[in-house]
Structure formats: structure tokens, C-alpha cells
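Student: I have a model open and would like to test the words people use for it against the numbers. Could we go through it together?

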Amino acid sequence: MKVVVLGGYGHYGRYLARKLAEKNLVTTLVIAGRSFEKAQAQAERLGDKAVALRVDLFGEPKVPDAFRGANLIVNAAGPDHLTAVPGLRLAIAAGADYCDLNLSWRATEQALAMNRDAQGAGITAITGVGAFPGLFSLLAMHGVGRFDRVTALRMGYCMSVQAAFGDPKSGAIAHTSGQEIGAALAAVIHGFSGTARQFIEGRHVDLPAFGPAYTLPLLGGGAIEVHTQGSAEPITLPASIPGIETVTMGAGFSPPQVNALIKRHIDALGPGQEEAVVAAVRKDLAADPERWTAELREDVTKGESVCLEGVKDGRRARCLVEPNWNGEAFAEDASGDVVTGGPLLVASLKLLSGEITAKGVFAPETCFSPGSFFEDLRREVNLFTERDGALVTEAFVFLD
Ligand SMILES: NC(=O)c1ccc[n+]([C@@H]2O[C@H](COP(=O)([O-])OP(=O)(O)OC[C@H]3O[C@@H](n4cnc5c(N)ncnc54)[C@H](OP(=O)(O)O)[C@@H]3O)[C@@H](O)[C@H]2O)c1
């Protein structure tokens, strides 16, 4: 089968292309991006199956000849708010199935609005199959299945400022994309700019992005401190959870004092200035690394939280859901390849094997069942391990 990887020499695209090249099912792999040289170098590393292609998603490209006969287009290009819709448009024009890592709430709305075009082209397109959204959306759905009724879903993650921006003390770089800033960081900063659409009291509401800090509990104890962030989950998940009133998404950097610095630069420079924001933040971090990277508080930490509230066994309850991470997979995953690229790989393989027969544009939670997806993740990338006979732990607290 023939697969095109847009952004196939970027950080996640490289991981995905390498994994797909190992599969007998994949006979041709097109590595695409704006640099033919980089695509060529990556294709050479992958061997005979891989070919290089220059494509610019910003140039409203015609379907390149190299896309003809493609079974699947995987869009690992970014940042998503600029690349997801043109990538999907190309897949529709090429008549190839599609999946991406899209976290942008606006691009998600636009992609879902292309449902009829995708149906008309007879393709299956899945948007937002990374970690957030993607894996954690499915974890949320796993939690939903444990309730009688869910009223609120609050999701969030907190990452270290060094992992995102680079370490101002050691000079270690944050990202292996070879770009000045990787698309992932650009997308995160973009999600903190302007407005962030959330789902509150049964309707979508536009809140200022990077609003006041709030905490989300962690299953193992402690909490993360996050700020409202624009992301796909509040756009897509309400449709899959009958009667839900609230779906929110938050993110933050650790240690927490650094958030005020990052927000100041985002507010001063405005949306669309992600590179300038990152440059300004890096300059301030380098000028006073102790101040911005010192762990001054013990009450918050890094991590990911999926927190549901609702009714279980007739009682009001809260539930935290976490994967049973396989420590070994994580040790090899310093840059998050597996947590983000693993779900994209599993989605790609499910599409290639014809497991998803519905046509149109879908969020991951509308076409994958959590249990089978987690099993595939364990088999393909060893991301989960069994604890008490399960790949996922959920912890209920009754509130009355
Ligand atoms: N859902 C999630 O959990 C999740 C998590 C992490 C990341 N992401 C998303 O994943 C995406 C990729 O992140 P990354 O860290 O891998 O980024 P990256 O290393 O910067 O790679 C981005 C790739 O996209 C290509 N690209 C950019 N503009 C393009 C264009 N106009 N036409 C064709 N190719 C283009 C780049 O190559 P050229 O610039 O040479 O064209 C590069 O190969 C980001 O958008 C990010 O938001 C999602």
C-alpha cells in the first residue's frame, strides 16, 4: 500500500515514517515537505520503499502525481492551524484516506465542516490523533463508559519549560526538528493566543486563551496548574458524551512562575507571532535561568489529567483516568515520540487495514473504541503495561 507522510522529515513525521517503513503492508512511502533535500535525506535513511517529494501546503497545491494511487495521507506537518485544512483538502482531492495530529480548535471545526466533501470523495479522514487530542480523548471516553452519566470533563497537561523551550542552563535544545522553533511549540503558543473555544453549561463559549490558573488533580496525588488553551477536545468531545455540560482544556508550563512570563510575551506580540514569542521567552529565560526554572512550589507538578464528574451507581462522583504507562517505553521517549506518534501510527494502521468503513471526517473518539485502540498501542509501540489486569487505571471518589 502507498502512504504519503506530509511533514515526513519533521519531528513526529520522522518517527511515523520510520515505523511505517517497517511494515510489510506499506510498499511505498512518500516523504513530503517543502524541502526536497530534507525529504530526500529522510527517504534515503528509510530505504527502497521511500521516495522524496517537494510539496508546499501553503501554496494551494494541485494533487502531485506522486499522490496518485495513495491509500493514505498522514499529515504530520505543522503548525496545525496552518497545515491541517490544506492537508485534508489534498487528501479529498487525491481520494486517499487521511489522518493528522491537528490540535487547533479552529482547524478542527473547519475539518469537520468538510465532512460532505470527504464523503463525496469516499474517504475516511480522522483529525487529531496524537496525545492531546487523540490518546487522551480516548482515555476520557474510557472514563465516560464507567459512569451512568457524565456532566463535566476537564482535561489538561503541564510540560516543563525546558522541554518546550530548551534548557537555558545547559543549552540543550528543546526539539529535534532542526527548525528555529518546531511546529509543535508554535501550535501550543498559538493555542494560548487570542480566544480558546470551550464547552461550558451546554454550549460553546469563547474564553480568553491563557486565562487565570486553575488546578487539575492527578491520579497519583498532587495536581497540575493549567490555563485555558485552545484545542480540539472541547470542540469534538461534547458530541460523543450525551448530556455533558462542560468540556474544558487547559495547559501550562512548569515551574508555574514561568507562565506569567510566557503570557506577557504572547499578549504583547499577539496571535501569529509564535516565532517572536519563543525568541522573547528564550531571551528572558537565558537572562535569569534560576528565577524561571527553579521549582519554587511543591503543590503542582508536571503531568496529564483527565478528570470526569457525573453520576455513578446513583451517586455523584469524580473520576481520574490515567494510562498504565510502560516505564521502558517512556525511558526511550524523552521527546514524546511515542505518546504523540504512537496514536497516529495506530490510526494509520487501522485505516490501512480497512478497519474503519465509515466515510467522512471524524474525531478519533467517534471512530475508535478505547479498548481496542489501547491494545493496539501496546502491541505496536509498547506504550502501556497491564496493572491489575488493565491497561488503564480509573480512580473514583464519591462526592456525596
Ligand atoms: N495532537 C497532539 O498531541 C500533538 C502533539 C504534538 C504535536 N502535534 C502537532 O504535530 C505537528 C508536527 O509537530 P512537529 O513537532 O513534528 O513539527 P516539526 O518538527 O516542526 O515538523 C513539521 C513538518 O511540517 C513541514 N511543513 C511545515 N509547513 C509545511 C508546508 N507548508 N508544506 C509542507 N510541509 C510543511 C515541515 O517541513 P518544511 O518546513 O521544510 O516544509 C516539517 O517537516 C504540529 O502541528 C503539532 O501541533 C500534535
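Student: Where does Gly202 sit?

Tutor: In this predicted model, Gly202 belongs to the loop that links strand 8 (195-200) to strand 9 (203-208).

Student: What makes Gly202 count as buried or exposed?

Tutor: Count the C-beta atoms around it. A residue is exposed if 12 or fewer other C-beta atoms lie within 10 Å. Gly202 has 11, so it is exposed. As for its place in the fold, its C-alpha atom is 28 Å from that of Asp100, a residue 102 positions away along the chain.

Student: Why are strand 8 and strand 9 called a pair?

Tutor: Pairing requires at least two bridges between the strands. Strand 8 and strand 9 are joined by 6 bridges, so they pair, and they run antiparallel. You can pick out partners on screen: Phe199 is bridged to His204, and Gln198 stands opposite Val205.

Student: What is unusual about Glu201?

Tutor: Most residues other than glycine have a negative phi. Phi of Glu201 is positive, near 50°, in a residue other than glycine. Glu201 is in the hairpin of strand 8 and strand 9, which has 2 residues between the strands.

Student: How do you know whether Glu201 is buried or exposed?

Tutor: The cut-off for exposed is 12 or fewer. Glu201 has 7 C-beta neighbours inside 10 Å, so it is exposed.

Student: Which other residue has a positive phi of about 50° although it is not a glycine?

Tutor: Asp313 does. Asp313 is in the loop between strand 13 and strand 14 (315-323). With 9 C-beta neighbours inside 10 Å, Asp313 counts as exposed. Its C-alpha atom is 6.8 Å from that of Asp148, although the two are 165 residues apart along the chain.

Student: And how do you know that Leu296 is exposed?

Tutor: By the neighbour count again: Leu296 has 9 C-beta neighbours inside 10 Å, so it counts as exposed. You will find Leu296 in the loop between helix 12 (289-293) and strand 13 (303-312). Leaving out residues up to four places away in sequence, Leu296 touches Pro255 and Gln257. The C-alpha atoms of Leu296 and Gln257 are 8.2 Å apart, with their positions 39 residues apart in sequence.

Student: You call Leu296 and Gln257 a contact at 8.2 Å. What makes that a contact?

Tutor: A contact is judged on C-beta atoms, which must lie within 7 Å. The 8.2 Å is a C-alpha to C-alpha distance, so it does not enter that test.

Student: Why is helix 8 (residues 183-191) described as mostly covered?

Tutor: A buried residue needs 20 or more other C-beta atoms within 10 Å. In helix 8, 9 of its 9 residues are buried. Among them are Leu185, Val188, Ile189 and His190.

Student: How much of the chain is buried?

Tutor: Buried residues are 53% of the 400 in the chain.

Student: Which residues touch the most other members of the largest nonpolar core?

Tutor: Val5, Ile31, Ile73 and Ala140 do, in a core of 130 residues. Domain 1 (2-130 + 337-368) and domain 2 (135-325) both give residues to this core, so it lies between them. Among the residues that Val5 touches are Leu16, Leu29, Ile31 and Val74.

Student: What do the two domains share as a contact surface?

Tutor: On one side there are 20 residues of domain 1, in contact with 23 residues of domain 2. Helix 3 (80-94), helix 4 (105-112), helix 14 (337-352) and helix 15 (364-367) each supply at least two residues of the domain 1 side. By class, that side has 8 nonpolar, 9 polar and 3 charged residues. The C-alpha centres of the two domains are 25 Å apart.

Student: What makes the peptide bond from Gly78 to Pro79 cis?

Tutor: Its omega is near 5°, and the bond is cis. Pro79 is in the loop between strand 4 (72-75) and helix 3. The bond from Phe132 to Pro133 is also cis, with omega near 0°.

Student: Last one: why is the chain called compact?

Tutor: The secondary structure comes to 16 helices and 16 strands. The radius of gyration is 20 Å, close to the 21 Å that the globule rule gives for 400 residues, so the chain is as compact as a globular protein of that length.

Note on methods: Residues are numbered from 1 along each chain as its sequence is written. This is a predicted model: local features need pLDDT of at least 70, side-chain atom pairs count only at pLDDT 80 or more; totals for chains, interfaces and linings use all residues. A nonpolar core is a set of buried Ala, Val, Leu, Ile, Met, Phe, Trp, Tyr and Cys residues joined through C-beta atoms within 7 Å. Domain bounds come from an automatic or database domain assignment. Helices (H or I, at least four residues) and strands (E, at least two) are DSSP runs, numbered from the N terminus. Ala, Val, Leu, Ile, Met, Phe, Trp, Tyr, Cys and Pro count as nonpolar, Asp, Glu, Lys and Arg as charged, and the others, Gly among them, as polar. The radius of gyration is taken over C-alpha atoms; the globule rule is 2.2 Å times the number of residues to the power 0.38.
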